[in-house]
Amino acid sequence: MGTIWGIVLGVIILSLVYVFFNYRRIKAMNEGTDEMVEMAAIIRSGANTFMKTEYKTIFIVVLIVALIFSLFVEKTSGLTLLLGALASSAACITGMKSATLANVRTSNKARESLSIGETVKVALSGGSVAGLSVQAFGLLGLVVILFIWGIDHDASGSGFLLSLKCNASTMRITTYSLGCSLVAMFNRVAGGNYTKAADISSDILAKIRHDLPEDDSRVPNVIADFIGDNVNDIAGNCSDLLESFVATTAAGILIASTLFKTGSLSSSAFDSAMMYPVILAGGGLLGCLLALIIVQKKKMGDNPSKELNSATYISAFFTLVLGLISSYMLFSKVELPSSFLIGWASPWVSAVLGIISGVAIGMITEYYTSTDYKPTQILAGMATEGEAFVITKGDAIGSRSCLLPVLFIAISLFISGKISGTYGIALASLGMLSFVGTTVSIDAFGPIADNAGGLAESCHLPHDVRIITDKLDAVGNTTAAIGKGFAIGSAAFATVSLIVAYVGSYSSGEPILNIASFVVVAGGILGGALVEYFSAILTDNTIDSAKKMADDGDKLLSIPGVLEGRVKPDYNTMIKTATEEALRKMLFPSILALVIPVVGGLLFGVEFIGGLLVGATIVAIPRAIFMGNSGGAFDNAKKFIEEERLEGHGKGSAAHKAAVVGDTVGDTRKDVVGVALDIFIKSMSTVANTLGGVIRNFTLIK
C-alpha cells in the first residue's frame, strides 16, 4: 500500500512542479502599456486585500471549530480539519494570484500578436495553475492522512476533555473534508456578494444611469468588478470544486469502510476498495496534467471553444484508461462482493457513468447558454419587446434546462448503484470529478478573459484588440456557465454519496432511510424550505450591497472632472465598500449550513437529519441548475446584441438596455445563489457525516 501512496504522491508533486513553473512563466510575460500596468496593479492589490481581510475571519472560525473537535470529539480531528482548510486555501489563493497576473498579460498578448490562438494560450495557462492546484492540493491532504494514520476500523477516538463515541479514522477523513467545506462556504458567499454587487452597480451606473460603455474607466465601480471576477469566479470556484473533489473521494473511502464493518467486503477487497478512489483521483490528475501540456504545446486556431473542449476530451480519455487499468489490478484477484454485478470492472463502469454525466451536463449547459445556439439567440430576440419578455423567456429557458441534467444524474446513480451497490454511487460521483483539474482550468479561463476584455476597454486599447478579447469573453461566459453546471452536477453526486455514507454509518446493514417515516418527511420539508431561505438571504445581501455601491459610485461620478475624463475616480473607496459589504454579510449564511445539522440532529435524531439532507438536495439541484443556466443565457443574450448579431440592434439600443436588465437579474442567480447552493447541501452533508456518531448517542427527543 505504501508503494501506491508513493506513486500518487509522485503525480501530485509533478503537477505542483508544473504549476510552479507555469506561474513563473506567466509572471515573466510583458504586462503592456503603463496604463495597463497601473490598472493591473490596482486589481491585484484589491484582490489581495480582500483575501487577507476575509481570511482573518475564516482563520478564527476554522480555529474555533478545530479546537471544539480536538477537545470534545477526537484529538487529531482538529489537526486534520486545519489541514483541509489549508489545502483549500492554498488552491484558491494560488489560483487567484495566477489569474491576476494572467489577465493583463492576456490583454497584452492580444495587443502584440492580434492572434486569438496565442491569446487563448495565455489565458489557459493562468487557468491551468488554478485547475491543477485544486486537484493536487485536495488529493495531497488525503494522501498525507492515509499515509500517516491509514484506516483502522477499531480505532476509538476521544477528545482531550471528553470521550464521545466515534471512530478516529473516520473522523480524520470527515474533518479534513469539513475543513475544505468551511473555506469553500466563506469564499463563495463573500466572493459572490463582492463580485455581483460590484458588477450590478457598475452596469447600473454605466449602462442605465449615464449611458457609458461597459468597463469604462470613468466608472469607479469598474475596478471592483474586475477584482470580483478573481475573488469569486477564481478563488471561490477553486475552493468549491476542491471541496466536491475531496468529499467524493472521502465518501468512497467511508462507504468502503462501512461495507467492511457490515461484512459485505472481505479484508483484501476492502484494501482495494479503499485505494481505488485515491488511485482514480491520482490517475485523473495525471490525465489533466498531460491534457493541459498537450493543448498548450499545439498550435491553436481561431476557435477557442474547440481548443478548450479538446483539453476536456483528452483528460477524460486518459482518466478512463488509467481507471480501467487500476480497476483490473485492484479487483481482479480479490474476493468481490455480490453487489459487483460485472466483476472487477464494476467500479470502473460506475466511474465511467459519472464521467459521461459530467461531459453531458457540460454540453447541455453550453446548448442553453451559448450564443451559438437557439435558446440564447431567441432570448436576445425577445429583448426587442422589452424587459418583461426577456425575464419571462429567460425563466422558461432556465426551467427547461433542468430536466436533462437531472435525468443524467438520476440514471447514472441508478445504474452505478445497481452494478456496484452503494460503493458505485461514490465512484460515479468521483468519476465526474476525477479530471476536475482540467474542468477548473477551463472554467478559470472565463474570468481571466473577462478581466482581459475589461482592461482592453478601460485602458483604451485599439478596436482590433477588443474584438479578440470580446470573442474570448463570450467563450469565457460559456465556459463559466459550463463550469457552474459541472459544479452543480458534481455537488449532486457528492451530496448523494455523502448521504449514503451518512445513513450507512448508523444502519446495521444496507443503508436504508424510511421515507414514509413522519420524522424523515418532517426533515425533508424543512430541508427544502431552508434552500429557499438560504437563497433569499444571499439575494437580499447582494442587492442591498449593489444599491449602496451604485449610489456611492454616483456621488464619486458627480465630482467635477470625473465624468469628463479629466480626473480619475477614487477606485479605492469603491473597493473598500465592496470588501466591507461582502465580509459583513458572509458570516450568517455561512454558519447556517454548519449549525442546522447539529441542532436538528441533537434535537430530533439521525433520521430527521437524513430527511433534511434528502429534501434540501432534491430542491437545491434543479434550483441551482435553473439559476446558473438562466443567468448564463441572460448574460450571453446581452453579449449577442453587443456583438451586433441581432439585426438592427446594438449597444445603446432599447433592446440592449432590456437585455442589460436581464443580465442584471441573472448576475445574482448564476454567480451568487446558484454557485452557493451546491456548497450549502454539501456542507450540511459533510457536517452530518462528521458528527453522525455524536448525534446518534445524544439525541434529546427520542
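D671 is buried in this predicted model, with a relative accessibility of 1%, and its side chain meets that of K670 in a salt bridge whose N to O distance is 2.7 Å. K670 is likewise buried, at a relative accessible area of 9%. Salt bridges that share partners join these two residues with K196, D199, D635, K638, K639, D663 and D667 into one network.

Within that network, K670 also pairs with D635, at 3.5 Å from N to O. Because D635 belongs to helix α19 and K670 to helix α20, this pair ties together parts that lie 35 residues apart in sequence. Both D635 and K670 are buried. A further salt bridge joins R466 to E457, where the closest N and O atoms are 3.7 Å apart; here R466 counts as buried at 11% relative accessibility, whereas E457, at 22%, counts as partly exposed. The count for the model comes to 29 salt bridges, three of which are set out below.

| Salt bridge | N to O distance |
|---|---|
| K670 and D671 | 2.7 Å |
| D635 and K670 | 3.5 Å |
| R466 and E457 | 3.7 Å |

K670 appears again in the surroundings of M627, a residue of helix α19. When neighbours within four places in sequence are left aside, M627 is in contact with R669, K670, V673 and G674. M627 has a relative accessible area of 7% and is therefore classed as buried, the cut-off being under 20%. The C-alpha atoms of M627 and L563, by contrast, are separated by 35 Å, although the two residues are 64 places apart along the chain.

Which residues does S88 contact, once its neighbours within four places in sequence are left aside? They are C180, V183, A184, S239 and L242. S88 itself lies in helix α3, which covers residues 77-113, and is buried, with a relative accessible area of 0%.

On the surface, a nonpolar patch of about 1,000 Å² is made by F59, I60, L63, I64, L67, I68, F72, L82, F160, L161 and L162. Helix α2, residues 34-72, supplies the largest share of this patch, namely seven residues. L162, another member of the patch, is placed in the loop between α4 (116-148) and α5, and counts as partly exposed at 41% relative accessibility.

Helix α13 departs from a straight course. Its 31 residues, 403-433, have end C-alpha atoms only 21 Å apart, short of the 45 Å that a straight helix would reach at 1.5 Å a residue. At S420, α13 bends by about 135 degrees.

Two residues other than glycine have a backbone phi angle that deserves attention. D211 has a positive phi of about 50 degrees and is found in the loop between α5 (168-209) and α6 (221-231). For E644, phi is also positive, near 60 degrees, and this residue sits in the loop between α19 (606-642) and α20 (654-690). Exposed or buried, how are these two classed? D211 is exposed, with a relative accessible area of 55%, and E644 is exposed as well, with a relative accessible area of 62%.

Methods. Residues are numbered from 1 along each chain as its sequence is written. This is a predicted model: local features need pLDDT of at least 70, side-chain atom pairs count only at pLDDT 80 or more; totals for chains, interfaces and linings use all residues. Side-chain values use heavy atoms; hydrogens and water are left out. Helices (H or I, at least four residues) and strands (E, at least two) are DSSP runs, numbered from the N terminus. Buried means under 20% relative accessible area, exposed over 50%, partly exposed in between (1.4 Å probe, protein chains only). The expected span of a helix is 1.5 Å times one less than its number of residues. The bend at a residue is the angle between axes fitted to the seven residues ending there and the seven starting there. Patches are made of residues with over 30% relative accessible area and no salt bridge: like charges are joined within 9 Å, nonpolar side chains (Val, Leu, Ile, Met, Phe, Trp, Tyr) within 5 Å. Accessible areas come from the Shrake-Rupley method with a 1.4 Å probe; for residues, only the protein chains shown count as cover. A salt bridge is a side-chain nitrogen of Lys or Arg within 4 Å of a carboxyl oxygen of Asp or Glu. Contact means heavy atoms within 4.5 Å.
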